[in-house]
There are 2 protein chains.
Amino acid sequence: MKVHELQTPALLVDGAALAHNLETMSSALPGERLRPHVKAHKCTALAGRQAALGHAGFTCATIREMEGMAAAGLGQDLLLANEVLDASRLGALSRSGARVTVAVDSEATVEAAARGGVGEVVVDVNVGLPRCGCAPEDAGRLADLARSRGLEVRGVMGYEGHIVGLEDRAQRTELVGQCMELLVKAHAAVGGELISAGGTGTYDINTWATEIQAGSYALMDTAYGKLDLPFRQALAVLATVISVSPGWAVVDCGLKSLGMDHGNPSIEGAAVWFCSDEHVTFSSDPLPAVGDRVRVVPSHIDPTVAYHERMHVVDGDEVVDVWPVDLRGW
Amino acid sequence: MKVHELQTPALLVDGAALAHNLETMSSALPGERLRPHVKAHKCTALAGRQAALGHAGFTCATIREMEGMAAAGLGQDLLLANEVLDASRLGALSRSGARVTVAVDSEATVEAAARGGVGEVVVDVNVGLPRCGCAPEDAGRLADLARSRGLEVRGVMGYEGHIVGLEDRAQRTELVGQCMELLVKAHAAVGGELISAGGTGTYDINTWATEIQAGSYALMDTAYGKLDLPFRQALAVLATVISVSPGWAVVDCGLKSLGMDHGNPSIEGAAVWFCSDEHVTFSSDPLPAVGDRVRVVPSHIDPTVAYHERMHVVDGDEVVDVWPVDLRGW
């Protein structure tokens, strides 16, 4: 199939950019040094490419992602880097043969893991992002509690999500150090082999973590694109110009095919005016013609991918692969 | 099943509010005066409730919505209120027995309808919103062209989308009149029985249209909630508190379960700080406990619903129905 034959809107993945990104990251962080985060692409076929480069362990954000990865034969070492209060599905997954580790940051989540039949946990430590994670000084106590409930404690995780997007590399480096000082101290109290942290923006400066949970590097993001990173934009939404008026044109993608939390998407050579459910209105000089195809670059990849059923890997006008986005939902 | 047993995040529909909204609208616009827009809920079970109240015709925004409605036995009179350049699937739908009408606003879209085998069209007229629609003075020419291609021209449509959300009712009324003057004039040149326009914000003041394309009224929206409308908020995302720290708490819904183009969601009695892929961080006094359930109200319903596989119709703590969101995708 050719790109110009695709029904729109359609997710396009530039196969060469994807390959470049995967290989660049794997060279920098080979094997177990990288635990790719699947939330960024929600696609087991893409995860399979990451596994083929030597990364056996993966990071997930939802139970569905954990289940989907195991079903795809990628369940060798799955970390749910998120808290759950009902771990019964994770317990079932573990009994089915997948290696399942879940983050805990409170007595309630430790008890949930034990009750659900999950065998292994990491203690999630707050390193500065106001989200999940226990206070660093509480990590040892939670590890003791977990062990007393029969859980294996594999170590700690702590996501410096407030740092990964800082554009100034020197500042980013300094602040990562401060975050990781907290995590390393917590790890000393917790024990275990894992210090899991980091993201695409800190993959090469977070040298404290034993493994980096980067995900965005594969398809990249316009926000990350502003940083000094060696990864290329690999994803766009293909759309068709369905209407042209004096002064503006309209394509057939919109709020239901684009993650909007970072604002409007961009179109090369055009000014985006606004998005509706199934439309983007924009101006350009010259305007396109009705029927033209346009590549719309979403401002945030993760919630964009979650709207789509499949992604099309392309090489020029050739669709070389169609990958189901099979890790959606919860 | 009980609400407190649901896995989260989960879409909740307040059954009483939904029934109130559907009945209030049907009383104001009985039968053919309303052509409910399914893009707002993407759910054939909900559309079935609208049909049961006497609305046989529906408005759709995508080909998938058209196909899904027909497959659910609701294909008696489907209007795709959007332009398409490849109408082959619509033609197949028409041949399968559904009544299919598609909007056209250019020579290319007229030709696409004819080539695809769609029998009926409406001429989409721009009444002021910079999106689709031909110039009002061009409508007659396009109708002639369509008829010359063997298409039945059922009339005109023109969406006053830049007006429907204005909070001042007097201003809204005045501007709707100006928009509809353009549409009525175009209709005089086009002919046909339909003048299709309007939305939830203008359902009772757009007296020029022969049918109103309202959709949001069923589940409602926080933006529409600011208007003087008799419809109630019926939709929320149920989430679980997964982490509590000194000063904030975190629930397990986020950017992949909430439409974000209108900004952050709201939580009663709380201040929402920010959303991540699978988290909302917020503060409240007192803070909730880990494991508590919270109802998160999205700022925009349509792109919220499109992230979810199902909606749960609830009456207090009782889940009385589970409806697949079966019109997603394209």
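Trainee: Is the crossing in which α6(A) passes α7(A) left-handed or right-handed?
Mentor: This is a predicted model: local features need pLDDT of at least 70, side-chain atom pairs pLDDT 80 or more, while totals for chains, interfaces and linings use all residues. Residues count from 1 along each chain as written, chains are lettered from A and ligands numbered from 1 in written order, and side-chain values use heavy atoms, without hydrogens or water. A crossing is left-handed if the near helix is turned anticlockwise from the far one by less than a right angle, right-handed if clockwise. The crossing of α6(A) with α7(A) is right-handed.

Trainee: At roughly what angle do the axes of α6 and α7 of chain A cross?
Mentor: Helices (DSSP H or I, at least four residues) and strands (E, at least two) are numbered from the N terminus. Axes are lines fitted to C-alpha atoms, for helices over the stretch in contact, with angles from 0 to 180 degrees between N-to-C directions. Helix α6 (139-148) and helix α7 (169-190) of chain A have axes that come within 8 Å and cross at roughly 35°.

Trainee: Which residues of α7(A) make the contact with α6(A)?
Mentor: Contact means heavy atoms within 4.5 Å. From α6(A) come A:A139, A:G140, A:A143 and A:R147. Facing them from α7(A) are A:A186, A:A189 and A:V190.

Trainee: Which strands stand at the edges of the open sheet in chain B?
Mentor: The sheet has 7 strands, in the order β2-β3-β4-β5-β6-β7-β8, with parallel pairing. Strands pair if DSSP finds at least two bridges between them. A single partner strand leaves one side of an edge strand without a neighbour in the sheet, so the edges are β2 (57-60) and β8 (211-212) of chain B.

Trainee: Which residue stands opposite B:L79 in β4(B)?
Mentor: Strand β3 (77-80) of chain B pairs with β4 (100-104) of chain B over 3 bridges, in the parallel sense. Opposite B:L79 in β4(B) stands B:T101.

Trainee: What angle does helix α7 of chain B make with β6(B)?
Mentor: This helix, residues 169-190, packs on the sheet and touches β5 (120-124), β6 (152-158) and β7 (194-197) of chain B. Its direction makes an angle with that of β6(B) of about 170°.

Trainee: In β14(A), which residue is the bridge partner of A:V237?
Mentor: Strand β9 (235-245) of chain A pairs with β14(A) in the antiparallel sense, over 4 bridges. Strand β11 (266-267) of chain A also pairs antiparallel with β14(A), over 2 bridges, and there A:I267 has A:V296 as its partner. For A:V237, the bridge partner is A:V296.

Trainee: How far apart are the closest N and O atoms of B:R64 and A:E309?
Mentor: A salt bridge puts a side-chain Lys or Arg nitrogen within 4 Å of an Asp or Glu carboxyl oxygen. This one crosses between chains, from B:R64 in helix α3 (63-71) of chain B to A:E309 in the loop between α9 (301-305) and β15 (310-315) of chain A. B:R64 is partly exposed at 22%, as is A:E309 at 29% (buried is under 20% relative accessible area, exposed over 50%, partly exposed in between; 1.4 Å probe, protein chains only). The closest N and O atoms are 2.9 Å apart.

Trainee: Are B:D277 and B:K256 buried or exposed?
Mentor: They form a salt bridge, with N and O 3.2 Å apart at the closest. The two sit in separate loops of chain B, 21 residues apart. Both are buried.
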